[in-house]
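Trainee: I would like to go through this model with you, beginning with how its strands pair and then turning to the way its chains meet.

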2 protein chains.
Amino acid sequence: MTHVFDEAIAVTRLDADVHTVRATTHPAYNNMVGPFGGITAATVVNALATHPDVLGDPLALTVNYVAPIAEGEWDLALVPVRTNRTNQHWTFTIDQGDHTVATGTAVFGVRRDTWADTEPTPPEVPAPDAVDAVDFPDFIAWAANYDKRFVVGGFLDGSSDDSTTTMWIRDLPERPLDFPALTSITDAFFPRVFLRKGAYAPAGTISLTTYFHATADELAAQGSRPVLATAKAARFGHGHFDQYGQIWGDGDTLLATTHQLVYFKDVQA
Amino acid sequence: MTHVFDEAIAVTRLDADVHTVRATTHPAYNNMVGPFGGITAATVVNALATHPDVLGDPLALTVNYVAPIAEGEWDLALVPVRTNRTNQHWTFTIDQGDHTVATGTAVFGVRRDTWADTEPTPPEVPAPDAVDAVDFPDFIAWAANYDKRFVVGGFLDGSSDDSTTTMWIRDLPERPLDFPALTSITDAFFPRVFLRKGAYAPAGTISLTTYFHATADELAAQGSRPVLATAKAARFGHGHFDQYGQIWGDGDTLLATTHQLVYFKDVQA
């Protein structure tokens with residue numbers, strides 16, 4: 001049986017042109033307005049990773065959310081800009097009908113053996129089994145596809161002076177971690193303004209950038225066990241805030257770092 | 001007299017097509033190999049900010065460095081993807097001759113009045129006058145255009161277990177801060193692998209993303225006084241590392257956050 005995540009990130013390559021693929025929004029990954037941004041990003045990574053000309057694995061991804069994505073089909077045009085000896089640069093555009101709804105860039109590459117070190121350590125947290133799983137309201141459909149256990153900064157637990165969320169998260173039902181799944185998880189933090197205000201507010205990601213530190217072997221070793229995801233904002237103001245996050249695997253392995261810029265409006269009193 | 005930075009970021013708009021501009025590398029901003037990435041990014045911001053159709057000020061910029069940029073002219077093709085009510089999405093490509101040397105995306109927008117807060121505080125540091133200015137070797141030409149005062153993590157001061165650099169930095173000679181200058185400063189950290197190893201290593205930025213939190217008024221108020229720039233890596237390995245940085249202005253104003261992915265090779269023993 002196909003996992004719902006694999007249904008959602010599926011792409012059809014048009015025979016005539018390997019650089020254009022078609023995807024379809026999946027109702028199981030809808031957000032409050034339009035699809036969850038993480039599933040869109042994951043679909044792009046899937047389309048690139050399965051491209052016949054791809055070199056290696058994802059290193060960097062930027063997705064700009066240009067306009068609302070409507071439910072239904074969308075077309076992804078991939079431009080292979082250049083393949084170097086160890087990395088490969090892409091740009092892409094997502095269109096629906098006659099208008100563009102997203103743009104972005106991606107870098108794939110080959111991992112070489114070099115000196116290595118990870119400087120930060122993950123937050124000290126209880127084991128996943130010691131933290132309760134939390135459900136989001138039904139109108140945040142995508143969240144039902146994740147087992148989420150909040151250590152700090154839970155969903156609408158009141159207002160907070162600190163925008164940090166740290167959570168255990170894995171696909172539900174269980175699914176072995178891979179690059180598309182990791183991509184989606186880097187966007188799986190609810191908007192930091194909800195946490196600060198303890199309330200919903202109109203908000204949406206404008207630009208998402210994720211760097212993939214994990215090797216394919218590290219993802220395979222993680223299997224379907226939960227990862228530890230932590231994120232916080234630095235500055236809110238003038239209708240925008242940023243978010244910086246880290247995704248940690250077993251053995252204090254830093255799988256990804258991620259940065260996004262989010263649009264928000266004040267909640268009406 | 002024109003400031004050398006303004007010479008370096010100058011663009012010529014081709015009359016027939018406002019979406020294509022020509023720039024020229026400036027020897028004063030050369031790096032060890034090719035131009036300093038910060039000046040390329042600043043030139044893109046300048047080209048967008050002076051575009052007749054621009055909306056507001058920069059919010060987000062991603063530049064992917066695809067191939068070495070040779071000394072001489074380069075052509076920047078700007079694509080205005082969509083203008084929404086409060087923001088505007090662009091993509092761009094930089095070509096030299098018949099090949100692409102950089103790609104990227106930018107978001108500009110209008111700042112609205114909203115709830116505001118900055119969560120982190122800048123590092124506690126001595127005043128700029130209490131820290132010595134440091135010169136880099138002559139073959140890192142661009143660095144001569146900055147007054148750099150390292151509080152921690154100076155240039156080739158020995159190896160370190162911590163990749164953090166915190167420095168006071170301003171243009172040299174003095175120049176009032178604006179969005180292009182801020183853009184350049186977000187790339188003005190030398191490669192974190194130099195700091196960890198206490199030695200040069202082949203290294204170069206693959207992808208740079210900067211979020212602009214500052215308003216134009218905040219930049220104007222900063223004038224030509226130094227900003228406090230701090231950055232560190234999280235994970236080194238497999239030929240790459242990331243860097244996350246913050247740029248602080250007077251009054252604990254967070255002007256920008258920045259994230260980049262860098263390629264490196266091991267130093268030969």
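Mentor: Two strands count as paired if DSSP finds at least two bridges between them, and since this is a predicted model, everything that follows should be read as a description of a prediction.

Trainee: In β2(B), which residue is the bridge partner of B:Arg13?

Mentor: Strand β1 (residues 12–13) of chain B pairs in the antiparallel sense with strand β2 (residues 20–24) of chain B, over two bridges. The two strands, β1(B) and β2(B), make a hairpin that has six residues between them. Within that pairing, the residue of β2(B) that partners B:Arg13 is B:Val21.

Trainee: And which residue in β4(B) stands opposite B:Thr20?

Mentor: Besides its hairpin with β1(B), β2(B) pairs with strand β4 (residues 73–83) of chain B, in the antiparallel sense and over five bridges. In β4(B), the residue standing opposite B:Thr20 is B:Ala77.

Trainee: In chain A, with which residue does A:Glu73 form a salt bridge?

Mentor: A useful principle here is that side chains of opposite charge can pair when their charged atoms come close. In this pair the closest N and O atoms are 3.5 Å apart, inside the 4 Å limit that the term requires. The link joins distant parts of the chain, with A:Glu73 in strand β4 (residues 73–83) of chain A and its partner 51 residues apart from it, in strand β2 (residues 20–24) of chain A. The partner of A:Glu73 in this salt bridge is A:Arg22.

Trainee: With the side chain of which residue does the side chain of A:His26 make a polar contact?

Mentor: A:His26 lies in the loop between β2 and α2 (37–49) of chain A. Leaving aside neighbours within four places in sequence, A:His26 is in contact with A:Val4, A:Glu7 and A:Ala8. The polar contact, at 2.8 Å, is made with the side chain of A:Glu7.

Trainee: Which peptide bond in chain B is cis, with omega near 0°?

Mentor: One such bond leads into B:Pro173, a residue placed in the loop between β9 (165–171) and α3 (179–185) of chain B. Chain A also has a cis bond, from A:Leu172 to A:Pro173, and A:Pro173 is found in the loop between β9 (165–171) and α3 (179–185) of that chain. In chain B, the cis bond runs from B:Leu172 to B:Pro173.

Trainee: What phi does A:His238 have?

Mentor: A:His238 is found in the loop between β12 and β13 (240–249) of chain A. Although this residue is not a glycine, its phi is positive, at about 55°.

Trainee: Turning to the two chains together, how much area is buried between chain B and chain A?

Mentor: The contact involves 70 residues of chain B and 70 residues of chain A. Carbon and sulfur atoms give 55% of the buried area, and the total buried between chain B and chain A is about 5700 Å².

Trainee: Which strand of chain B gives the largest share of the side that touches chain A?

Mentor: Between the chains there are 38 residue pairs in polar contact, both residues being at pLDDT 80 or more. The largest share of chain B's side amounts to nine residues, and the strand that supplies them is β14 (residues 253–264) of chain B.

Trainee: With which residue of chain B does A:Arg196 form a salt bridge?

Mentor: The count between chain B and chain A is six salt bridges. In the one formed by A:Arg196, the closest N and O atoms are 2.8 Å apart, and the partner is B:Asp117.

Trainee: Which residue in β7(B) stands opposite A:Arg235?

Mentor: Strand pairing also crosses between the chains, for strand β12 (residues 235–237) of chain A and strand β7 (residues 117–118) of chain B pair in the antiparallel sense over two bridges. The residue opposite A:Arg235 is B:Thr118.

Trainee: Finally, how are the two copies related?

Mentor: Chain B is superposed on chain A by a rotation of 180° with 0.0 Å of shift along its axis, giving an RMSD of 0.0 Å. The two copies are thus related as by a two-fold rotation axis. Because 100% of the interface residues of chain B are also interface residues in chain A, the copies meet through the same surface. The relation you asked for is therefore that of a two-fold rotation axis.

Methods: Residues are numbered from 1 along each chain as its sequence is written. Chains are lettered from A and ligands numbered from 1 in the order in which they are written. Side-chain values use heavy atoms; hydrogens and water are left out. Contact means heavy atoms within 4.5 Å. Buried area is the accessible area (1.4 Å probe) that two parts lose on being put together, summed over both. A salt bridge is a side-chain nitrogen of Lys or Arg within 4 Å of a carboxyl oxygen of Asp or Glu. A polar contact is a pair of N or O atoms within 3.5 Å; within protein, one must be able to donate a hydrogen and the other to accept it, and residues adjacent in sequence count only if both atoms are side-chain atoms. Helices (H or I, at least four residues) and strands (E, at least two) are DSSP runs, numbered from the N terminus. Copies are superposed by least squares on the C-alpha atoms of residues with pLDDT of at least 70 in both.
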